[in-house]
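Q: I would like to learn how to read features from a structure. Where should we begin?

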Amino acid sequence: MYFIRNALYGYIVETEHLKPPQKQRRSTHTYVAPSHNSISPYQLWIIYNRTGTDTSYTIQNFATGVVLDIYCSHSEDGTQVIGYAAFGTPNQAWALYGSRQSSSYVSRASIAELFDNVQPN
């Protein structure tokens with residue numbers, strides 16, 4: 001379980017508080033939100049290694065089940081990142097890189113640590 005925080009401003013990646021119906025292919029607004037003392041389930045992400053790869057991952061939101069997706073597979077600068085149903089397509093594949101020269105990070109914590117041992121509904 002992870003939350004993704006911007007190093008410069010401390011904003012956390014979050015999805016809108018809406019779980020799209022299973023049969024609809026509706027995108028979910030994904031955005032950055034201020035970091036508070038508590039973490040919302042909409043700010044928690046599960047990172048799965050994609051089958052057959054060592055460096056490609058799917059990033060799924062804990063609360064809604066949507067995955068991070070590049071809108072319509074566009075490759076232009078500034079293309080929106082959205083939440084969408086998981087289809088395993090290349091626009092839903094992500095690589096994670098780190099740098100010791102930056103304070104950017106992806107934090108890993110257990111549910112118990114994030115919610116003070118209170119599980120979200």
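Q: Leaving aside its neighbours within four places in sequence, which residues is Lys19 in contact with?

A: This is a predicted model. Sequence neighbours are set aside here, and what remains for Lys19 is contact with Ala63 and Thr64. Between the C-alpha atoms of Lys19 and Thr64 there are 4.7 Å, although the two are 45 residues apart along the chain. Lys19 belongs to the loop between S2 and strand S3 (30-33). With a relative accessible area of 53%, Lys19 is exposed, the cut-off for that being over 50%.

Q: What is the order of the elements in the protein, from the N terminus on?

A: The order is β-β-β-β-β-β-β-β-α, that is, eight strands and one helix. Of the contacts with a separation of 6 or more, 48% are between residues 24 or more positions apart.

Q: How many residues does the largest nonpolar core have, and which are they?

A: The general idea first: in soluble globular proteins, nonpolar side chains tend to be buried together. In this model the largest nonpolar core has seven residues, namely Tyr2, Ile4, Val13, Trp45, Ile47, Ile59 and Leu68. At least two residues of this core come from strand S1 (2-5), and at least two from strand S4 (45-49). There is also a second, separate core of five residues, among them Met1, Ile12, Ile39 and Leu44.

Q: Which residues is Ile59 in contact with, leaving aside its neighbours within four places in sequence?

A: For one core member, a contact list shows what surrounds it in the model. Ile59 is in contact with Ile4, Trp45, Ile46, Ile47, Val66, Val67, Leu68, Trp94 and Leu96.

Q: Why is strand S5 described as largely enclosed by the rest of the structure?

A: The argument rests on burial, which means under 20% relative accessible area. Strand S5 covers residues 57-61, and four of these five residues are buried, so S5 is largely enclosed by the rest of the structure. S5 runs antiparallel to S4, with five bridges joining the two. One of the bridge partners in S5 is Tyr57, which is matched with Asn49.

Q: Is Asp69 buried or exposed?

A: A charged residue type does not settle the matter; the relative accessibility does. Asp69 has 4% relative accessibility and therefore counts as buried. Asp69 is placed in strand S6. Apart from neighbours within four places in sequence, Asp69 is in contact with Gln80, Val81, Ile82, Tyr84, Asn91, Gln92 and Trp94. Ala86 is 17 residues from Asp69 in sequence, and their C-alpha atoms are 8.6 Å apart.

Q: Which residues make the nonpolar surface patch of about 470 Å²?

A: Nonpolar side chains can also be looked for on the surface. Here Leu8, Tyr9, Tyr11 and Val32 make such a patch, of about 470 Å². Tyr9 lies in the loop between S1 and strand S2 (12-15) and counts as exposed, at 60% relative accessibility. For the protein, the accessible surface comes to about 8100 Å², and 50% of that belongs to carbon and sulfur atoms. Buried residues make up 33% of the 121 residues.

Q: What is the phi of Cys72, and where does Cys72 lie?

A: Backbone angles are read residue by residue. Cys72 is not a glycine, yet its phi is positive, at about 55 degrees. Cys72 lies in the loop between strand S6 (67-70) and strand S7 (81-84). Ser73, also not a glycine, has a positive phi of about 60 degrees, and Ser73 too is in the loop between S6 and S7.

How values were computed: Residues numbered from 1 in each chain as written. Predicted model: local features only at pLDDT ≥ 70, side-chain atom pairs only at ≥ 80, totals over all residues. Heavy atoms only, no water. Helix = DSSP H or I, 4+ residues; strand = E, 2+ residues; numbered from the N terminus. Core = buried A, V, L, I, M, F, W, Y, C linked by side-chain atoms within 4.5 Å. Buried < 20%, exposed > 50% of the residue type's maximum accessible area, 1.4 Å probe, protein only. Contact = heavy atoms within 4.5 Å. Pairing = 2+ DSSP bridges. Patch = residues over 30% accessible without salt bridge, like charges linked within 9 Å, V, L, I, M, F, W, Y side chains within 5 Å. Areas by Shrake-Rupley, 256 points an atom, 1.4 Å probe, with all protein chains shown as cover. Salt bridge = Lys/Arg side-chain N within 4 Å of Asp/Glu carboxyl O.
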